[in-house]
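Visitor: I should like a close look at a single part of this model, the place where the two domains of one chain meet. Please explain each term as it arises.

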Amino acid sequence: MAEKTISLIITRQNSPDSTPYEEKFEVRYRENMNIISALMEIQRNPVNANGEKTAPVTWESNCLEEVCGACSMVINGIPRQACSTLVDKLEQPIRLAPMSTFPVMRDLAIDRSRMFDSLKKVKAWIPIDGTHDLGPGPRMPEKKRQWAYELSKCMTCGVCLEACPNVNSKSEFIGPQSLSQVRLFNAHPTGAMNKGERLETLMEDGGIAGCGNSQNCVQVCPKGIPLTTSIAALNRETNIQSFKNFFGSDYAY
Amino acid sequence: MAENREFFYRRLHSLLGVIPIGIFLVQHLVVNNFANYGEENFNRAAEFMANLPFKLFLETFVIFLPILFHAVLGVYIVFVAKNNVSRYGFFRNWMFYLQRISGIITLIFIVWHVFETRVQVGLGNVELSYNLMENILSNPFMFWFYLIGVTSTTFHFANGLWSFLVTWGITVTPRSQKIATYVTLLIFLSMTIVGIRTLITFAYGI
């Protein structure tokens with residue numbers, strides 16, 4: 001019996017500045033393969049569909065269980081994680097391409113720095129360091145913890161930025177991912193002590209005003225994070241903050 | 001341009017689209033609907049509107065400047081988007097795309113409409129009356145131009161009202177946003193019917 005194979009068409013690029021090209025591969029089929037295991041086959045035997053030896057395809061992955069966000073790529077037109085995408089559920093040939101919103105480093109490996117820069121910009125952390133023991137923080141209502149937990153599932157995979165029509169080279173918009181993190185850290189009772197600071201970062205150029213409500217982000221998010229609810233809630237918060245800033249308030253921290 | 005003004009400008013853009021532009025649009029369509037109550041009624045209503053106290057002031061600050069600001073920033077907003085409905089054909093993404101298309105159509109329509117009515121009346125070339133609109137709209141090409149223009153304007157307003165509710169943090173939950181979709185759809189349909197009904201009266205006298 002002839003060996004069963006799967007075919008992949010991969011958009012490749014040798015360096016950040018070189019021109020992308022497509023290369024076709026035939027990979028031996030195994031049961032329950034995911035995209036990562038297909039790429040590993042190519043790595044093991046870097047020969048393309050024409051039987052020519054080629055450089056192994058580069059990609060990024062870490063956790064292999066859809067919590068780190070590193071292996072996001074465009075698979076058959078849809079941005080998703082290569083680890084949780086099963087070959088058996090895909091139409092062939094399987095087309096793999098890097099996410100176009102991010103700079104390509106090589107082949108399928110992209111540079112996601114812009115999202116980490118955004119997290120720094122919006123102060124997506126809770127300052128707890130002091131010169132002495134500050135003691136335990138205030139308690140958090142259980143109901144609030146439940147929805148905040150959903151927001152904490154964000155793995156900075158970049159799929160929402162890829163799907164957003166307003167995140168592109170013509171716009172400065174930082175995208176849904178970091179906006180929702182502001183809501184997460186502002187929801188925390190200790191984090192709320194720097195609420196205004198975070199909201200003010202969203203009122204800078206490229207902040208929340210860049211959202212055009214296409215709501216693609218919430219549709220494509222692999223973790224089901226209510227991104228558009230976060231954005232609408234933050235719209236309310238930033239508006240109130242701007243009124244506090246302009247008219248004056250003792251609660252504008 | 002000063003730094004970090006985007007937030008303020010975008011909020012102003014959203015607000016002006018509803019207050020005063022949206023309110024003016026509703027008023028404009030309602031007053032024009034007097035055409036259905038006969039020529040004299042329309043002329044009396046048009047004369048009333050044209051002779052409001054402080055008319056130039058009202059026109060400048062309630063209509064002209066807000067629309068100018070909304071249009072200039074709106075065209076910029078159209079150009080910074082990279083539409084992707086072919087890949088992500090979700091309902092809201094289509095609305096996002098149509099909002100941009102209807103914005104451009106509405107801008108072209110309004111420029112022409114103002115030139116042929118308000119500007120011409122102001123220059124004294126024509127007289128503001130039922131006959132003016134009858135003459136314009138009895139031309140089938142202009143009738144269809146106005147029909148598309150009015151529909152595009154009412155769509156842009158109704159869908160803009162939906163995103164106004166999100167931008168101002170009024171509808172936060174998916175459920176409230178969904179209900180707002182139905183409500184704004186009803187607003188779009190009723191305003192379009194009122195507008196087109198008036199156009200038909202002018203064009204065909206029925």
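Guide: The following account describes the meeting of the two domains in chain A, and then turns briefly to an annotated site in chain B.

This is a predicted model, in which local features need pLDDT of at least 70 and side-chain atom pairs count only at pLDDT 80 or more, while totals for chains, interfaces and linings use all residues. Residues are numbered from 1 along each chain as its sequence is written, chains are lettered from A and ligands numbered from 1 in the order in which they are written, and side-chain values use heavy atoms, with hydrogens and water left out.

Chain A is assigned domain 1 (5-110) and domain 2 (113-247); such bounds come from an automatic or database domain assignment. Taken over C-alpha atoms, the centres of these two domains of chain A are 31 Å apart. Where they meet, 13 residues of domain 1 of chain A are in contact with 12 residues of domain 2 of chain A, contact meaning heavy atoms within 4.5 Å. In domain 1 of chain A, the residues that lose the most area to domain 2 are A:P79, A:T101 and A:F102, together 47% of what that side buries. The area buried between the two domains of chain A is about 1000 Å², and carbon and sulfur atoms give 58% of it. Buried area is the accessible area (1.4 Å probe) that two parts lose on being put together, summed over both.

Polar groups also take part. Between domain 1 and domain 2 of chain A there is one salt bridge, that is, a side-chain nitrogen of Lys or Arg within 4 Å of a carboxyl oxygen of Asp or Glu. A:K223 forms a salt bridge with A:E66, and their closest N and O atoms are 3.3 Å apart. On the side of domain 1 of chain A that touches domain 2, strand 3 (72-75) and strand 4 (78-81) of chain A are the elements that give two or more residues. Strand 4 of chain A gives the most to that side, with three residues. Strands (E, at least two residues) and helices (H or I, at least four) are DSSP runs, numbered from the N terminus.

In chain B, the UniProt annotation "binding site" (unreviewed entry) covers B:H28, B:H70, B:H113 and B:H156; such annotations may be inferred rather than shown by experiment. B:H156 is found in helix 7 (residues 140-167) of chain B.
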